[in-house]
Amino acid sequence: MKRINNYINGSLNSISQKELSVEDPSKGEEIAKVVLSSVDDFNKAILSSKKSQISWSNTTPLKRSRILSNYKTLIEKNIDELASIVSQEHGKTLADAKGSVTRGLEVVEFACGIPHLLKGEFSQNVGTNIDSWSIRQPLGVCAGITPFNFPAMVPMWMFPIAIACGNSFILKPSEKDPSCSVRLAELFTEAGLPDGVFNVIHGDKEVVDLILNSDDISSVSFVGSTPVAKYIYETSAKNGKRVQALGGAKNHLVVMPDANLNQAVDGIIGAGYGSAGERCMAISVAVAVGDIADELVNKIHLEAQKLKVAPWTDKNSDMGPVISKEHKDKIENYILTGVNEGAKLLEDGRNYKIQGYENGYFIGPTLFDNVTKDMTIYKEEIFGPVVSVVRVKNYDDALKLVNEHAFGNGTSIYTSDGEISRHFTTHSKIGMVGVNVPIPVPMAFHSFGGWKQSLFGDHSVHGMEGIHFYTKLKTVTSRWPKSIQLGPEFVLPTN
Ligand code: NAD
């Protein structure tokens, strides 16, 4: 049985003998064991991170950028391998996995510009013969804790920027699909990154708590479910760490009566069922405005029935299984609750069986109509291939629905009315907003992050928010008084 080890100080090694199963969700079979790290493993990672960070922070940004550039080339060269590692342990289709690696790669491309991105500000003569400048310096050892649903992209939102800024980085990937992180670390070493600047340590809550309570770690970046995000935020803040903790989502796509209906339906189908709904930017609520509802629901239903649910090895698959038996049961329970609470189940994905993959964790596309805002399936994040249609009378009701939801990650509106679209982008209380775009995921040079229960902390990830999160601001005020005798000053200088 393959053993997935920690990657510390430039090589694969683990002290702990404790392990956890890693499964192929398409087959429901164990395919590897991942180490559950001990305190000794953690201390080893800390030691290596602290030591390497000192010389790494003294390496010029241009040299760091060249290593990142080598890394970009290596990821491009190995993208097929990285995508199959993601698909095998996560279950998503190969094309989707490849797309997600590419979105991570774009963050590496952004980080290659680090000499420019770290440029500070300078003012000559802030006072007579006094100059002042601001610089951004690295934090030290940064940590990242990531979810199962994007085993390449989400870690890559974090570590390329943290490292480009002169920090070292400890990644604690999801224990459900941990192999991709290790391969990403190996490739970084191959690109020329000094040993210890990027360490990967496996485990679950036990290791997370070591990270949160370590005096040697300056910052924590977290992406995962809202209850854990809240815990990470509170504990890190209590321990004086800089923290960004991204949580769950319930993204609404509003369809106005003047929308291009076919485009809206394509948007809902792709963003609702793609990756089996296991995306934080998945559309889980379609808001049908006014008299478009019947036609919209019929079309979504028709298209949902055409989707091919199959393992990632099938090139024609539109969506794969969900991550685990436990998660499958949880989603199926939500479907049952939806029925019990009075929603109209138009398409039922429960008990979905694929020949040869009877033990896989598959759920077919599921569609509910007449969902109301008091229902559990509306309020809570399901994180599966379940789309709920809520019918509202007009645009104002749609906007109210979006804004009153506890989550605020993403939303989208389909309309041909520029005024409505402008009103929506201005007044929606959501972090990422799309107009006629179903999944408005910002590019690497912008920043990604939600509002409300979808993000705890002040900074989104990547883009300039990432640069600011992984650096401390320092402002220097300097005078070189060679020949004048200044004498003591008892008032604050004003010029
Ligand atoms: P999760 O919260 O269960 O796990 C995330 C990470 O936290 C993992 O590394 C896990 O080992 C660790 N963890 C789990 N329970 C913990 C605990 N009690 N204490 C400390 N650490 C713990 O999330 P998941 O199931 O892996 O991922 C799915 C969730 O992530 C969904 O809610 C999804 O919306 C969210 N997500 C959000 C974004 C975003 O950008 N907002 C992106 C991707 C995923």
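In the predicted model, a backbone N or O atom of F148 is placed 3.0 Å from an oxygen atom of the ligand. A further contact involves the side chain of K172, where an N or O atom lies 2.7 Å from a ligand oxygen atom. On the backbone of G247, a polar atom is found 2.7 Å from a nitrogen atom of the ligand. Taken on its own, the ligand has 840 Å² of accessible area, of which the protein covers 88%.

The ligand is surrounded by 26 residues, and those that come nearest are K172, E175, S225, G247 and E381. By residue class, the shell around the ligand comprises 14 nonpolar, eight polar and four charged residues.

With respect to the overall architecture, the space that the ligand takes up is the largest pocket. Two domains contribute to the shell: domain 1 (2-247 + 454-476) and domain 2 (251-435) each provide at least three of its residues. Among secondary-structure elements, helix α8 (205-213) and strand β11 (219-223) each supply at least two residues of the shell around the ligand.

How values were computed
Residues numbered from 1 in each chain as written. Predicted model: local features only at pLDDT ≥ 70, side-chain atom pairs only at ≥ 80, totals over all residues. Heavy atoms only, no water. Near = heavy atom within 4 Å. Polar contact = N/O pair within 3.5 Å; in protein donor to acceptor, adjacent residues only side chain to side chain. Areas by Shrake-Rupley, 256 points an atom, 1.4 Å probe, with all protein chains shown as cover. 1 Å grid on protein atoms, 1.4 Å probe; cavity = no way out; pocket = protein on both sides within 12 Å on 5 of 7 lines; lining within 4 Å. Sits in = over half its atoms within 2 Å of the grid points. Helix = DSSP H or I, 4+ residues; strand = E, 2+ residues; numbered from the N terminus. Nonpolar A, V, L, I, M, F, W, Y, C, P; charged D, E, K, R; others polar. Domains from an automatic or database assignment.
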